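Please look at the sequence and the model below before reading on. The paragraphs after them walk through the fold step by step.

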Amino acid sequence: MRRRALLTALVATAGGAAFAGSLWQGATGVTSPATPGSGSKLNLPDNHGLALPSGFTSRVIARSRQLVGDTGYKWHDAPDGGACFDTHDGWIYVSNSEVARTGGASAIRFRSDGSIASAYRILHGTNRNCAGGATPWGTWLSGEEVPSGYIYETDPYGRRRGVRRPAMGRFMHEAAACDPHRQVIYLTEDKVDGCFYRFRPDRWGDLRTGVLEVLVGPPGTSGPVSWVRVPQPATGHIETRYQVAGAKRFSGGEGCYYADGTCWFTTKHDNRVWAYDAVGQRIGLSYDGSGAGRTGLINGVDNITGDQSRHIYVAEDRGNMEINMIAPTGEVTTVVRIYGQDQSEITGPAFSPDQRRLYFSSQRGTAGNAESGITYEIAGPFDL
């Protein structure tokens with residue numbers, strides 16, 4: 001574990017529990033340098049090529065084009081964004097497939113003891129499904145990472161067909177994060193001059209109609225911002241990000257995560273983690289790895305998630321192929337490093353409902369292609 005630079009800023013609370021737990025509660029405005037965490041020393045790689053702290057174990061859950069356990073279902077290519085859903089007798093992990101034209105998403109259902117009960121398709125025939133997000137009402141939002149792409153709302157149980165939600169905008173979709181306090185969904189866009197959006201459904205829990213807004217603000221990395229309605233979110237005639245003058249630009253939006261009044265999102269081209277303070281309507285940097293020639297930083301920021309112990313987890317696209325945990329104090333701990341997969345990226349980090357297991361994928365595996373994706377589970381003391 002090398003020392004890493006972290007700037008924690010604009011961390012606000014809205015009171016009470018939020019979508020995935022209480023993050024950085026009471027740490028508003030804190031700026032702390034990163035320090036090695038108590039669990040930052042990694043052991044040698046295990047038989048799956050994963051270097052983990054002491055007390056952690058790993059297992060392979062699925063491999064692209066191979067049967068998932070004894071389910072008879074073959075896992076999809078290029079596994080990407082993911083989330084877990086509580087079934088009361090276990091849980092479900094859903095995962096997108098970032099493949100052109102056939103994309104879609106699949107799910108693995110687990111019993112309460114962690115054994116695999118079934119695996120199945122939940123979305124068919126869509127295009128380059130990259131990231132997305134879980135909703136509080138138990139659906140998975142799967143985004144198409146193509147020009148004029150759609151968000152699809154899917155059923156993790158696979159009982160209902162996925163439904164296109166054009167009111168949420170047509171653009172190069174990445175992640176989605178639900179804010180139940182303001183009853184909006186934040187959306188990232190994977191373009192070098194992309195925008196940050198929020199969707200306000202007419203009725204919370206029903207995504208058929210609503211208002212899409214884009215973040216507007218002055219240049220720079222911090223300060224007050226506001227929201228302006230996108231006039232034609234569903235047409236695709238004028239690219240969504242160009243419909244509102246003064247829309248704030250972000251260089252390659254990726255992961256997105258909301259908790260307690262703050263929405264964190266990553267931008268890959270400048271290697272930053274942003275924090276939007278939804279209470280004060282301000283934006284700032286939570287992590288800045290954009291400096292030329294810098295070493296010892298989290299590299300290739302991509303998917304992010306959080307836990308109920310107030311930690312943020314940042315997955316790397318290439319870089320050192322790590323997932324790093326950022327504590328409320330600014331302390332950074334490497335939770336896992338994958339060896340021998342330098343042409344891949346880590347995708348879809350998501351915790352089981354009991355917070356004891358973390359799921360994620362190496363999108364292109366050891367061979368570096370879409371047909372070689374691997375989905376993992378690691379278990380251990382995540383309160384490092």
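What follows begins with the whole chain and then turns to its sheets, to one enclosed strand and to a few single residues.

The model shown here is a predicted one, and its secondary structure comes to zero helices and 27 strands. Of the 384 residues in the protein, 60% are buried, and the surface that the protein exposes amounts to about 14,200 Å², with carbon and sulfur atoms supplying 47% of that area. Among the contacts in the protein with a separation of 6 or more, residues 24 or more positions apart account for 52%.

One place to start is an open sheet in which four strands follow one another in the order 2-27-26-25, with antiparallel pairing. Strand 2, which covers residues 57-63, and strand 25, which covers residues 346-351, stand at the edges; each has a single partner strand, so one side of each is left without a neighbour in the sheet. On average, neighbouring strands of this sheet are turned by 20° against each other when direction is ignored. Strand 25 is joined by four bridges to strand 26 (residues 357-362), and the two run antiparallel; within this pairing, Thr-347 has Ser-361 in strand 26 as its bridge partner.

Strand 27, made of residues 374-379, contains Thr-375, and this residue is a useful point from which to view its surroundings. Is Thr-375 buried or exposed? Its relative accessible area is 0%, so Thr-375 counts as buried, the cut-off for that word being under 20%. Leaving aside residues up to four places away in sequence, Thr-375 touches Arg-59, Val-60, Ile-61 and Ala-62, as well as Trp-75, Pro-79, Tyr-93, Phe-360 and Ser-361. Arg-59 lies 316 residues from Thr-375 in sequence, yet the two C-alpha atoms are 8.9 Å apart in space. Ser-361 thus appears twice in this account, as a contact of Thr-375 and as the bridge partner of Thr-347.

Tyr-93, another of the contacts of Thr-375, leads on to strand 4. Why can strand 4 be called largely enclosed by the rest of the structure? Eight of the eight residues of this strand, which spans residues 90-97, are buried, and it is therefore largely enclosed. In a regular strand the side chains alternate between the two faces of the sheet. In strand 4 both faces are covered, with Gly-90, Ile-92, Val-94 and Asn-96 buried on one side and Trp-91, Tyr-93, Ser-95 and Ser-97 buried on the other.

Strand 4 also has pairing partners. Six bridges join it to strand 3 (residues 79-86) in an antiparallel arrangement, and Trp-91 in strand 4 is the bridge partner of Asp-86. The hairpin of strand 3 and strand 4 has three residues between the strands, and there His-88 takes a positive phi near 75°. Seven bridges join strand 4 to strand 5 (residues 105-111), again running antiparallel, and here the bridge partner of Tyr-93 is Ile-108 in strand 5.

A further open sheet of four strands has the order 7-8-9-10, and its pairing is antiparallel. Its edges are formed by strand 7 (129-134) and strand 10 (163-164), each with a single partner strand, so one side of each has no neighbour in the sheet. Strand 7 pairs with strand 8 (residues 140-144) over four bridges in the antiparallel sense, and Asn-129 has Glu-144 in strand 8 as its bridge partner.

The loop between strand 8 and strand 9 (151-154) holds Glu-145, which is buried with a relative accessible area of 10%. With residues up to four places away in sequence not counted, the residues that Glu-145 touches include Glu-98, Asn-127, Arg-128, Cys-130, His-173, Asp-190 and Lys-268.

Cys-130, one of those contacts, raises the matter of the cysteines. How many disulfides does the count come to? The count is zero, with a disulfide requiring cysteine sulfur atoms within 2.5 Å. Cys-130 is buried at 4% relative accessibility, and Cys-84 also counts as buried, at 16%. Cys-178, found in strand 11 (residues 173-179), is buried with a relative accessible area of 0%; its C-alpha atom is separated by 8.9 Å from that of Ala-259, which is 81 residues away along the chain.

Technical notes
Residues are numbered from 1 along each chain as its sequence is written. This is a predicted model: local features need pLDDT of at least 70, side-chain atom pairs count only at pLDDT 80 or more; totals for chains, interfaces and linings use all residues. Side-chain values use heavy atoms; hydrogens and water are left out. Two strands pair if DSSP finds at least two bridges between them. Axes are lines fitted to C-alpha atoms, for helices over the stretch in contact, and angles run from 0 to 180 degrees between N-to-C directions. Buried means under 20% relative accessible area, exposed over 50%, partly exposed in between (1.4 Å probe, protein chains only). Contact means heavy atoms within 4.5 Å. Accessible areas come from the Shrake-Rupley method with a 1.4 Å probe; for residues, only the protein chains shown count as cover.
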